[in-house]
Amino acid sequence: MMSVQDLIRKKRDGKTLANEEIKTFIDAVTNKTIQDCQTGAMLMAIWQKGMVPEEVETLTREIMSSGEVMSWPKEWAGLVVDKHSTGGVGDKVSLVLAPALAACGCKVPMISGRGLAHTGGTLDKLESIPGFNIHQSAAQILEILGSVGCCIVGQTETLVPADRVLYDLRDATSTVNSLPLITASIISKKGAESLSALVLDVKFGRAALYKDLDSARELAQSLVHAGNLLGMRTAAALSCMDAVIGRCVGNSLEVMESLETLKGRGPEDLMELVTSLGGLLLQMTGSVSDLSEGRRKISDAVIGGAALSKFQAMMEAQGVANETARSLCSAHSDYYSVLRKAEHQMELKTPTDGEVLEVDGLALAEVLHKLGAGRSKVGEPVNHSVGAELLVSLGQRVSKGQRSTVMGASWLRLHFETPRPTAGQIARLQGALTVGTNTPTHTHTHTLVRELLPPQ
């Protein structure tokens with residue numbers, strides 16, 4: 001049996017670790033018989049030298065097996081599905097997609113994360129709803145899936161404990177952007193959910209982890225390969241993340257926009273992601289014959305109100321008072337009677353006449369993060385009321401300083417408390433908007449999904 005030092009040395013020297021050696025390392029991480037500095041050294045060795053596909057498969061499987069692996073009733077065979085996004089700005093897809101899939105007969109045990117750096121977290125958004133409890137045991141998850149069909153929860157103590165240790169140390173050792181480590185982390189968590197099918201929304205662009213399509217495709221291929229090897233039918237969508245998904249960024253505001261979408265009044269780009277990812281999952285479960293039928297079925301569930309009913313039932317099952325859930329889901333809800341409203345709002349004016357060519361989602365997210373909408377360290381609180389609403393669309397004509405026939409001269413409404421935005425932050429937000437004349441370089445495609453990678 002090789003010692004931990006021997007294993008670190010072997011990987012540091014660029015050699016391939018055997019299955020038993022990877023198991024020894026993950027067992028030591030899980031049982032806490034390894035020092036943090038040794039785990040960090042192994043992570044750095046993996047980051048520098050990489051891993052062959054066989055190593056990635058074993059690493060993923062061992063992390064998955066480090067804790068409880070969920071099991072489901074036999075009659076749910078083929079119906080347990082989930083989706084994972086690599087993180088975006090205004091990405092509230094899960095809040096609409098999970099109930100839509102449940103309305104189509106799927107079981108969705110969605111284990112989500114919190115926001116870190118500029119990307120928002122699904123759990124933070126849901127916790128802006130008073131009473132919503134993201135902490136559910138395996139038994140409670142089973143019960144909610146049986147009665148509602150979907151739940152959105154945090155990672156339980158018993159699921160993939162090795163990943164929790166590695167994730168924190170990856171952050172501390174600057175090894176977050178390692179392809180083998182990202183793959184093992186994401187797919188091990190989904191594998192522990194015992195899914196029939198998984199769809200991955202892999203983002204690329206200015207406001208994404210990967211800036212270009214080719215590097216995002218490489219990650220997507222790695223994730224799809226690992227997921228399929230674990231026995232989950234796994235596919236990926238490559239979607240553009242330059243601007244903002246929908247019109248709202250910030251926890252409470254994104255919940256409101258999700259509810260508006262579930263009432264059939266959602267923005268086109270958000271619905272495109274929901275129907276594309278959902279349609280792909282329905283196709284993989286065999287409940288529809290092709291992607292277009294899957295998209296149509298998801299769209300019908302949202303527009304017809306079935307998904308809204310599931311969202312209301314999910315809120316109630318996860319601790320929200322019946323009256324609160326009913327109020328949020330009513331046709332003409334006064335959202336601020338339930339959700340926290342920021343003390344201050346400020347509108348930013350369009351600086352010039354022309355057409356809206358670009359909105360830099362990263363600049364928007366980074367300023368909101370500093371105003372309290374996000375966190376820099378695990379465990380920090382967030383201010384759910386801080387956020388921004390886009391008042392213009394890409395391609396829309398705007399006029400400086402006068403009321404236009406469409407939306408007026410304001411392009412952004414900022415919601416804030418303490419701290420107030422500085423002059424520098426307001427200047428950065430104004431710099432996020434590009435207004436000009438449409439040219440071939442700024443031809444707007446409103447399609448976010450650029451490629452689909454089917455199950456292998």
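The following legends describe close-up views of a predicted model.

**View 1. Helix 5 and helix 11 cross and share a set of side-by-side residues.** In general, two packed helices are described by the angle between their axes and the distance between the axes. Here, the axes of helix 5 (residues 93–103) and helix 11 (residues 251–265) come within 9 Å and cross at roughly 35 degrees. This crossing is right-handed. From helix 5, residues L95, V96 and P99 take part in the contact, and they meet V255, S258, T261 and L262 of helix 11. The residues of this contact comprise five nonpolar, two polar and no charged ones.

**View 2. L262 lies in helix 11.** With a relative accessibility of 1%, L262 counts as buried, because buried means under 20%. Apart from neighbours within four places in sequence, L262 is in contact with L95, V96, P99, V302, A307, L308 and F311. L262 and A301 are 39 residues apart in sequence, and their C-alpha atoms are 8.9 Å apart in space.

**View 3. Helix 12 (residues 268–285) ends at T285.** Of the 18 residues in helix 12, 16 are buried, so the helix is largely enclosed by the rest of the structure. At 1.5 Å a residue, helix 12 should span 26 Å, and the 25 Å between its end C-alpha atoms agrees with this. The side chain of T285 reaches the backbone oxygen of L282 at 2.9 Å. The side chain of T285 also makes a polar contact with the side chain of S287, at 3.0 Å. Setting aside residues up to four places away in sequence, T285 touches G78, V81 and A197. Just after helix 12, G286 takes a positive phi of about 85 degrees.

**View 4. Helix 16 (residues 361–373) falls short of the span of a straight helix.** Helix 16 has 13 residues, but its end C-alpha atoms are only 14 Å apart, whereas a straight helix would reach 18 Å at 1.5 Å a residue. Helix 16 is mostly covered, with ten of its 13 residues buried. The buried residues are G361, L362, A363, L364, A365, V367, L368, H369, L371 and A373. They pack against strand 6 (248–249), helix 11, strand 8 (354–359), strand 9 (387–390), strand 11 (410–416) and helix 17 (423–431). At the start of helix 16, a side-chain oxygen of D360 reaches to within 3.0 Å of the backbone nitrogen of L362.

**View 5. S239 in strand 5 (residues 233–240) makes a polar contact with D201.** S239 has a relative accessible area of 1% and is therefore buried. The side chains of S239 and D201 form their polar contact at 2.6 Å. When residues up to four places away in sequence are not counted, S239 touches D201, V202, K203, F204, L273, L448 and V449.

**View 6. S333 occupies the loop between helix 15 (322–329) and strand 7 (344–349).** Although S333 is in a loop, S333 is buried, with a relative accessible area of 14%. The side chain of S333 reaches the backbone oxygen of S327 at 2.8 Å. Residues touched by S333, not counting those up to four places away in sequence, are K263, S327 and L328. S333 and V224 are 109 residues apart in sequence and 40 Å apart in space, C-alpha to C-alpha.

**View 7. Three loops contain backbone features of note: a positive phi at V160, a positive phi at S194 and a cis peptide bond before P419.** Most residues other than glycine have a negative phi, and most peptide bonds are trans. V160, in the loop between strand 3 (150–153) and helix 8 (161–172), has a phi near 35 degrees. At 1% relative accessibility, V160 counts as buried. S194 lies in the loop between helix 9 (179–191) and strand 4 (197–204), and its phi is about 50 degrees although S194 is not a glycine. S194 counts as partly exposed, at 25% relative accessibility. P419 is found in the loop between strand 11 and helix 17. The peptide bond from T418 to P419 is cis, with omega near 5 degrees.

Technical notes: Residues numbered from 1 in each chain as written. Predicted model: local features only at pLDDT ≥ 70, side-chain atom pairs only at ≥ 80, totals over all residues. Heavy atoms only, no water. Helix = DSSP H or I, 4+ residues; strand = E, 2+ residues; numbered from the N terminus. Polar contact = N/O pair within 3.5 Å; in protein donor to acceptor, adjacent residues only side chain to side chain. Contact = heavy atoms within 4.5 Å. Expected span 1.5 Å × (residues − 1). Buried < 20%, exposed > 50% of the residue type's maximum accessible area, 1.4 Å probe, protein only. Axes fitted to C-alpha atoms, helices over the stretch in contact; angles between N-to-C directions. Left-handed = near helix turned anticlockwise from the far one by under 90°. Nonpolar A, V, L, I, M, F, W, Y, C, P; charged D, E, K, R; others polar.
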